[in-house]
Amino acid sequence: MSLVTTPAKTVAEKTLIGFDFASKLSIGEALTAASCAIEVWSGIDASPSSVLSGTPTVSGTKAYQTVVGGISGCLYKITCVGTTSAPNNPVLMTILAVVQDPI
């Protein structure tokens, strides 16, 4: 599993996280689908799954997941599992920090 860098987001912000699987694919292998899961890494959120909005979309070697809301001060671990034409299931992970909205 590899770690993807993701900037922090505010509670009110809706943003797209990109997971680039290029380094995980063999020559001629294509990313065909992806699924994401989320859990609290640090902090308290009784329903972290509400941070994921919809299902990931795939474009080329990248999967994109929309994230919304969250609890200020929480860190969320998002794991993205790709499905490839091989078929393989490469895994990428990121830590998303949610911060307080500016005043």
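# Legends to close-up views of a predicted model

**A. Pro 87 lies in the loop that runs between E7 and E8.** Here and below, helices (H or I, at least four residues) and strands (E, at least two residues) are DSSP runs numbered from the N terminus. The model shown is predicted, so local features require a pLDDT of at least 70 and side-chain atom pairs a pLDDT of 80 or more, while totals for chains, interfaces and linings use all residues. Residue numbers start from 1 along each chain as its sequence is written, and side-chain values rest on heavy atoms, without hydrogens and water. The peptide bond between Ala 86 and Pro 87 is cis, with omega at about -10 degrees. For comparison, most peptide bonds are trans. The hairpin that connects E7 to E8 does so through six residues.

**B. Strand E7 is antiparallel to both E4 and E8.** E7 and E4 are joined by 10 bridges, and pairing of two strands requires that DSSP find at least two bridges between them. Within the E4–E7 pair, Ala 34 has Gly 82 of E7 as its bridge partner. E7 is linked to strand E8 (residues 91-99) by seven bridges; Tyr 76 is matched there with Leu 96 of E8. Seven of the 10 residues of E7 are buried, so this strand is largely enclosed by the rest of the structure. Buried denotes a relative accessible area under 20%, exposed one over 50%, and partly exposed a value in between (1.4 Å probe, protein chains only).

**C. Lys 77 and Glu 39 form a salt bridge.** The closest N and O atoms of the pair are 3.8 Å apart, where a salt bridge places a side-chain nitrogen of Lys or Arg within 4 Å of a carboxyl oxygen of Asp or Glu. Lys 77 belongs to strand E7 (residues 75-84) and Glu 39 to strand E4 (residues 31-42), so the contact ties together parts that are 38 residues apart in sequence. By this rule, the count of salt bridges is one. Lys 77 counts as buried, at 16% relative accessibility, whereas Glu 39 is partly exposed, at 41%.

**D. Ala 34 is part of strand E4.** With a relative accessibility of 18%, Ala 34 counts as buried. Beyond residues up to four places away in sequence, Ala 34 touches Pro 56, Val 58, Ala 63, Cys 80, Val 81 and Gly 82; contact here is heavy atoms within 4.5 Å. The C-alpha atoms of Ala 34 and Met 93 are separated by 12 Å, and these residues are 59 apart along the chain.

**E. Glu 29, in the loop between E3 and E4, is buried without a salt bridge.** The nearest side chain of opposite charge is that of Lys 24, 11 Å away; Lys and Arg are taken as positive and Asp and Glu as negative, with His and the chain ends not counted. A polar atom of the Glu 29 side chain lies 2.7 Å from the backbone nitrogen of Ser 26. The side chain of Glu 29 also makes a polar contact of 2.7 Å with the side chain of Asn 88. A polar contact is a pair of N or O atoms within 3.5 Å; within protein, one must be able to donate a hydrogen and the other to accept it, and residues adjacent in sequence count only if both atoms are side-chain atoms. Outside its neighbours within four places in sequence, Glu 29 is in contact with Lys 24, Thr 84, Ser 85, Ala 86 and Asn 88. Ser 26 is located in the loop between E3 and E4 and is partly exposed, with a relative accessible area of 48%.

**F. Thr 94 of strand E8 is buried, with a relative accessible area of 0%.** Its side chain has a polar atom 2.7 Å from the backbone oxygen of Val 4. The side chains of Thr 94 and Thr 6 are joined by a polar contact of 2.5 Å. Apart from residues up to four places away in sequence, the residues that Thr 94 touches include Ile 17, Phe 19, Tyr 76, Lys 77 and Ile 78.

**G. Three strands in the order E3-E6-E5 make up an open sheet with antiparallel pairing.** Strand E3 (15-20) and strand E5 (52-59) are the edge strands, each pairing on one side only. On average, neighbouring strands of this sheet are turned by 20 degrees against each other, direction ignored. E5 pairs with strand E6 (residues 62-67) in the antiparallel sense over five bridges, and Thr 66 of E6 is the bridge partner of Ser 53.

Notes: Axes fitted to C-alpha atoms, helices over the stretch in contact; angles between N-to-C directions.
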